[in-house]
Amino acid sequence: PAKAAEEENERFNTLSNWIQTNGGRVDNRIQLTTNHDIGVRGIVASHDIPANTELMFCPWKLVLGTQGDGTSNLLAGGNCDI
């Protein structure tokens, strides 16, 4: 599990760097973790983070998804409203 965790962290760091290089933001106080006992993976805080802090921002140009019959990777307006 230690080697797997190291590989997961490396992949998460690669993803975070890619997001940041392309105009996104990733708070450096979050990290990927996996509870192998129950098979759950998620992001946790590595340090205290104040309420209402933006943890991650991904620009629309980096968002991949499908529309309609799944043949398009574009997200049309209204498909992912906040």
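Here are five short exercises with worked solutions on a predicted model of a protein chain.

**Exercise 1. Find out how many helices and strands the protein chain has, and in which order they come.**

Start by counting the elements: the protein chain has one helix and four strands. Next, read them from the N terminus, which gives the order α-β-β-β-β. The helix is H1, covering residues 2–21. Strand S1 spans residues 25–26, S2 spans residues 30–35 and S3 residues 40–45, and S4 covers 56–57.

**Exercise 2. Work out in which sense S2 and S3 pair, and describe the hairpin they form.**

First look at the pairing: S2 and S3 are joined by six bridges in the antiparallel sense. Then pick one opposing pair to see it for yourself: Asn35 faces Val40 of S3. Finally, look at the turn. Four residues lie between the two strands of this hairpin, and Gly39 has a positive phi near 70°.

**Exercise 3. Name the residues of the largest nonpolar core and the elements that give two or more of them.**

Begin with the members, which number five: Phe12, Ile19, Val26, Ile30 and Leu32. Two elements, helix H1 and strand S2, each give two or more residues to this core. Now choose one core residue, Ile30, and follow its contacts. Leaving aside residues up to four places away in sequence, Ile30 touches Phe12, Ile43, Val44, Ser46, Ile49, Leu55 and Met56. A general remark fits here: nonpolar side chains tend to be buried together in soluble globular proteins. For the chain as a whole, 15% of the 82 residues count as buried.

**Exercise 4. Locate the three salt bridges and decide whether each partner is buried, partly exposed or exposed.**

The structure holds three salt bridges, and we can take them one at a time.

- Step one is Lys3 with Glu7, whose side chains meet at 3.6 Å, N to O. The two residues are about one helical turn apart, because they sit four residues from each other in helix H1. Lys3 has 60% relative accessibility, so Lys3 counts as exposed. Glu7, at 36%, is partly exposed.
- Step two is Arg25 with Glu54, where the closest N and O atoms are 2.6 Å apart. This pair links distant parts of the chain: Arg25 belongs to strand S1, Glu54 lies in the loop between S3 and S4, and 29 residues separate them. Arg25 is partly exposed at 42%, and Glu54 is also partly exposed, at 40%.
- Step three is Arg29 with Asp27, with the closest N and O atoms again 2.6 Å apart. Arg29 is partly exposed at 24% relative accessibility. For Asp27 we need the cut-off: buried means under 20% relative accessible area. Asp27 has 12%, so Asp27 counts as buried.

**Exercise 5. Identify the residues of the nonpolar surface patch of about 250 Å², and say where Leu55 is found.**

The patch is made by Ile43, Leu55 and Met56. To place Leu55, look at the loop between S3 and strand S4. Leu55 has 38% relative accessibility and therefore counts as partly exposed. You can link this back to Exercise 3: Ile43, Leu55 and Met56 are among the residues that Ile30 touches. To finish, step back to the whole surface: the protein chain exposes about 6500 Å², and carbon and sulfur atoms supply 52% of that area.

Terms used: Residues are numbered from 1 along each chain as its sequence is written. This is a predicted model: local features need pLDDT of at least 70, side-chain atom pairs count only at pLDDT 80 or more; totals for chains, interfaces and linings use all residues. Side-chain values use heavy atoms; hydrogens and water are left out. Two strands pair if DSSP finds at least two bridges between them. Patches are made of residues with over 30% relative accessible area and no salt bridge: like charges are joined within 9 Å, nonpolar side chains (Val, Leu, Ile, Met, Phe, Trp, Tyr) within 5 Å. Accessible areas come from the Shrake-Rupley method with a 1.4 Å probe; for residues, only the protein chains shown count as cover. A salt bridge is a side-chain nitrogen of Lys or Arg within 4 Å of a carboxyl oxygen of Asp or Glu. Buried means under 20% relative accessible area, exposed over 50%, partly exposed in between (1.4 Å probe, protein chains only). A nonpolar core is a set of buried Ala, Val, Leu, Ile, Met, Phe, Trp, Tyr and Cys residues joined through side-chain atoms within 4.5 Å. Contact means heavy atoms within 4.5 Å.
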